[in-house]
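Work through these exercises with the model open. Try each task before you read its solution.

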Amino acid sequence: MHISIDTQKVAYARDLAQSIVKPMLDYFATHSTVSTERAALRLFGVDGVDADEVPWPNRAVDALRERGLLERGACYWLGFACLQTGLAPQAAAEAIAKGEVDFTAPIAPQEVEEWTDSRAKVILDELLAQRRDRELNRRGRLGMGPKPWKYLIVATGNIFEDVPQAVAAARAGADIIAVIRSTGQSLIDFVPYGTTTEGTGGTYATGANFKLMREALDEVGEEQGRYIMLTNYASGLCMPEISVLAAQHGLDMLLNDAMYGILFRDINIFRTLCDQYFSRLVNAASRIIINTGEDNYLTTADAFEQGHTVLASQFINERFALAAGMTPNLMGLGHAFEMNPRTPDGLSYEIAMAQLVRQVFPEAPLKYMPPTKHITGDIFQAYAHNALFNLVSVLTNQEIHLLGIMTEAIHTPFASDRHLALKNADYVFNYARNMGADLDWKEDGMVATRARLVLDQSVELLEKVAKEGLVPAIGKGEFADVKRAPDGGKGLSGVFERAGNYFNPFMTRLEALNGVSMAKV
């Protein structure tokens with residue numbers, strides 16, 4: 001299926017996105033955050049909590065900041081502490097937190113950096129070897145189900161209840177399991193430790209929870225003879241840390257989008273964009289597919305009137321991802337089937353938007369979201385609405401397909417609700433599997449005209465944002481009709497300017513590994 005669009009205009013939009021993103025990339029080159037520094041410590045294996053259940057990475061970074069040392073980088077001082085005390089990284093981080101390290105000891109900076117960098121190389125080599133092994137001996141051996149991949153959410157708050165629900169969903173045909181995160185976790189500036197049973201509206205994202213769910217999905221994947229992908233949420237104040245935990249525990253996808261955090265969680269612009277850069281360096285190296293949150297724009301703004309803001313944001317998100325070395329096949333750019341079902345010819349407009357996004361980002365595993373805003377308690381209408389969503393998805397070759405649930409907005413889905421969602425999708429995907437290959441759209445018809453209009457409006461918005469700057473544009477509510485001030489939101493106090501001798505061997509090595517040159521981007 002194809003729509004005639006102006007490819008030169010698409011290229012121009014990408015040029016605009018690059019100019020929009022460039023000032024923020026310059027900012028990333030001179031700034032860091034407490035969460036980025038904690039993520040680096042986690043890569044060194046620092047984990048666990050103290051007697052007050054405060055994570056040791058937080059304790060160590062806070063101690064360095066109180067001493068005025070953090071600007072040089074937590075990795076430098078961890079290496080210094082290991083050399084000064086003879087302790088392993090975990091114990092050395094605890095010693096930093098307790099004030100037991102003599103930071104005046106006569107240790108040459110070159111010795112510290114060489115010692116620390118050599119260990120960072122070993123750690124990254126081991127992490128990437130684990131990933132290659134998973135790709136070859138799990139996903140490569142078992143394979144995946146046909147696309148669109150059916151993506152289902154579990155969200156009980158208790159990981160020990162999530163696991164059997166996820167296993168049941170996989171047995172019923174789900175290809176991707178997403179463990180939705182506990183309400184408000186994105187706003188807490190630490191990662192809880194261990195398995196958790198008391199989340200609200202979801203389950204806490206922790207290393208232990210990741211490990212438990214990954215093991216369960218690997219087991220059921222062997223039983224079913226296909227690989228089951230695991231997704232969690234990294235947007236929020238601990239975005240880089242959760243990306244590290246995901247890499248360490250074999251996750252396949254992460255909700256990973258600073259714009260979502262800015263607009264819908266009121267996280268400070270500079271904090272979360274800076275965090276996103278390091279997070280995506282980790283994701284790119286670990287081959288973790290990111291999911292972005294543009295679909296949420298259409299829950300606060302009208303999908304027909306504001307569809308172009310989704311496309312404009314996708315261009316920007318693509319450029320941020322490329323700047324971290326992500327390849328297009330790792331960019332699960334988000335969009336949604338969210339037009340008012342009472343809109344005349346709404347199905348044609350939905351097809352136009354979905355096909356436009358597909359053509360503009362031909363290599364991206366697009367994340368297509370179901371109708372939610374206009375779903376009511378009428379489960380029969382919802383089931384029909386979701387069937388049309390399924391049809392558009394298979395016609396336009398979407399890849400990551402979050403299943404619509406007929407009881408949306410009524411209650412947390414029962415296993416039976418998910419089963420019916422899978423049956424609906426399987427029926428439509430099978431019945432219209434190759435239908436899109438036989439369809440084309442009149443150049444002057446409704447679908448093509450709508451697609452070109454959305455592209456034109458997107459370019460106009462990108463021109464506007466390029467002229468005024470991304471941060472001021474966000475402040476004016478250009479995206480999702482939500483305004484955020486550059487000095488507002490949560491987490492700004494966790495941003496700091498790097499010293500001239502700042503040292504983070506993971507960032508340097510990940511940039512080299514991912515082919516990133518800040519001078520070029």
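**Exercise 1.** Find which residues Gly307 touches, leaving out those up to four places away in sequence.

*Solution.* This is a predicted model. Step one: locate Gly307 in helix 13, residues 307-323. Step two: list its contacts, which are Leu298, Asp302, Met353 and Val454. Step three: decide whether Gly307 is buried or exposed. Buried means under 20% relative accessible area. Gly307 has 4% relative accessibility, so Gly307 counts as buried.

**Exercise 2.** Val454 lies in helix 17. Compare the span of helix 17 with the expected one, then find what covers its buried residues.

*Solution.* Step one: helix 17 runs over residues 446-468 and has 23 residues. Step two: from first C-alpha to last, helix 17 reaches 33 Å, close to the 33 Å expected at 1.5 Å a residue. Step three: pick out buried residues of helix 17, among them Val447, Ala451, Val454, Leu455 and Ser458. An α-helix has 3.6 residues a turn, so residues three or four places apart point the same way. Step four: the cover over the buried residues includes helix 1, helix 13, helix 14 and helix 18. Step five: look just past helix 17, where Gly469 follows with a positive phi, near 100°.

**Exercise 3.** Which strands stand at the edges of the sheet?

*Solution.* Step one: write the order of the nine strands, 7-6-5-4-3-2-10-9-8, in an open sheet with parallel pairing. Step two: strands 7 and 8 stand at the edges, each with a single partner strand, so one side of each lacks a neighbour in the sheet. Step three: return to helix 13, which packs on the sheet and touches strands 6, 7 and 8. The direction of helix 13 makes about 165° with that of strand 8.

Key:
Residues numbered from 1 in each chain as written. Predicted model: local features only at pLDDT ≥ 70, side-chain atom pairs only at ≥ 80, totals over all residues. Heavy atoms only, no water. Helix = DSSP H or I, 4+ residues; strand = E, 2+ residues; numbered from the N terminus. Buried < 20%, exposed > 50% of the residue type's maximum accessible area, 1.4 Å probe, protein only. Contact = heavy atoms within 4.5 Å. Expected span 1.5 Å × (residues − 1). Pairing = 2+ DSSP bridges. Axes fitted to C-alpha atoms, helices over the stretch in contact; angles between N-to-C directions.
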